[in-house]
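Student: Please pick one strand of this protein and take me through it closely. Which parts pair with it, and what lies around it?

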Amino acid sequence: MLKAVQILGWSSGLTISQRLTKTRKSSSVSFISSSLNLSSVTSSSPRRIFSFKPTRMSSSLPGSDPVANSPTFVSVQSAGDVRKIKFCQWCGGPTKHEIPDGEEKLRAICTHCGKIAYQNPKMVVGCLIEHEGKVLLCKRNIQPSHGLWTLPAGYLEVGESAAQGAMRETWEEAGATVEVISPFAQLDIPLIGQTYVIFLAKLKNLHFAPGPESLECRLFALDEIPFDSLAFSSIYVTLNLYLEDLKKGKLKFHYGTINKRCVPIDISRM
């Protein structure tokens, strides 16, 4: 049963200063500063960098606009490519690309029926499953990130709650029946139009096996988590938040934004 009171919590960090890097000798993570509030995280890919910004839910008024030229503002503006929408999803008519009256963004507007095709973010839901000091991970059997490890997660479907979707994805990818304990993290990724909602969960039994989308499912001890072979930035951030909470002796709900940008970097210099 969900502990609704935890939904009202947030990531408690006020300072955002440290960079995480992978060590060459193991999959552990070294912290350049002493506190964990994740700020800039380097992924296992040598050409990908992303940052995670913990957010206090009271830091801005509901509905307030992001500050121009801020990372969040840039990411939101670049999400989606409306010019790829060339035909109406309702009547099949060709679209034109204009800014409708009273709006600020370029939209695809049907030249026949006049309907506007709005691009909305997708919600990804999943479970962080702990069992006797280990976490359950799945090795992906599909693209993207084929062969890399992830928490069981996938797109929420119409007609189900976020928790129901997370349990369904866990069954489909890991063949595991779980009980959702509480929400653990909400991670927004504006650049790709996704929001991740990850729940803490526990196994109802020890029967699990890879589904069609997984090559393998394994329980990893916390010091054996394959950080160098994780599929997605959201999973990397989630697991780091979880490990740091355990170090502090208290699990809490985290909310923040992952801002991605593709740049060539030399990880040997970091």
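Tutor: The protein chain holds 3 helices and 15 strands. Both are DSSP runs numbered from the N terminus: helices are H or I with at least four residues, strands are E with at least two. The model is predicted, so local features need pLDDT of at least 70 and side-chain atom pairs pLDDT 80 or more, while totals for chains, interfaces and linings use all residues. Residues are numbered from 1 along each chain as its sequence is written, and side-chain values use heavy atoms, without hydrogens and water.

Our part is strand E9, residues 134-140. E9 is mostly covered, with 5 of its 7 residues buried. Buried means under 20% relative accessible area, exposed over 50%, and partly exposed in between, with a 1.4 Å probe and protein chains only. Across the chain of 270 residues, 43% count as buried.

Now the partners. Two strands pair if DSSP finds at least two bridges between them. Start with strand E8, residues 122-131. E8 and E9 run antiparallel and are joined by 2 bridges. One bridge sets His-131 against Lys-134 of E9. The two strands form a hairpin with 2 residues between them. There, Glu-132 takes a positive phi near 50°.

Next comes strand E14, residues 214-221. Here 7 bridges join E14 to E9, again antiparallel. Val-135 has Phe-220 of E14 as its bridge partner.

Then there is strand E10, residues 149-150. E10 and E9 also pair in the antiparallel sense, over 2 bridges. Cys-138 is matched with Thr-150 of E10.

What does E9 help to build? Look at the largest nonpolar core, which has 29 residues. A nonpolar core is a set of buried Ala, Val, Leu, Ile, Met, Phe, Trp, Tyr and Cys residues joined through side-chain atoms within 4.5 Å. Leu-128, Leu-137, Ile-225, Leu-230 and Leu-239 touch the most other members. E9 supplies at least two residues of this core. So do E8, strand E12 (178-189), strand E13 (194-203) and helix H3 (233-248). H3 gives the largest share, 7 residues.

Take Leu-128 as an example. Leave aside residues up to four places away in sequence. Leu-128 then touches Val-135, Leu-151, Phe-184, Ile-198, Phe-199, Leu-200, Ala-201, Thr-238 and Tyr-242. Val-135 is the residue bridged to Phe-220. A contact here means heavy atoms within 4.5 Å.

Apart from this core lies another, of 17 residues. Among them are Ile-129, Cys-138, Ala-176 and Val-178. Cys-138 is the bridge partner of Thr-150.

Step back to the whole chain. Consider contacts with a separation of 6 or more. Residues 24 or more positions apart account for 63% of them.

For contrast, try an open sheet of 3 strands, in the order E5-E6-E7. The pairing there is antiparallel. Strand E5 (95-98) and strand E7 (116-117) stand at the edges. Each has a single partner strand, so one side of each is left without a neighbour in the sheet. Strand E6, residues 107-110, pairs with E7 over 2 bridges. Ile-109 has Ile-116 of E7 as its bridge partner.
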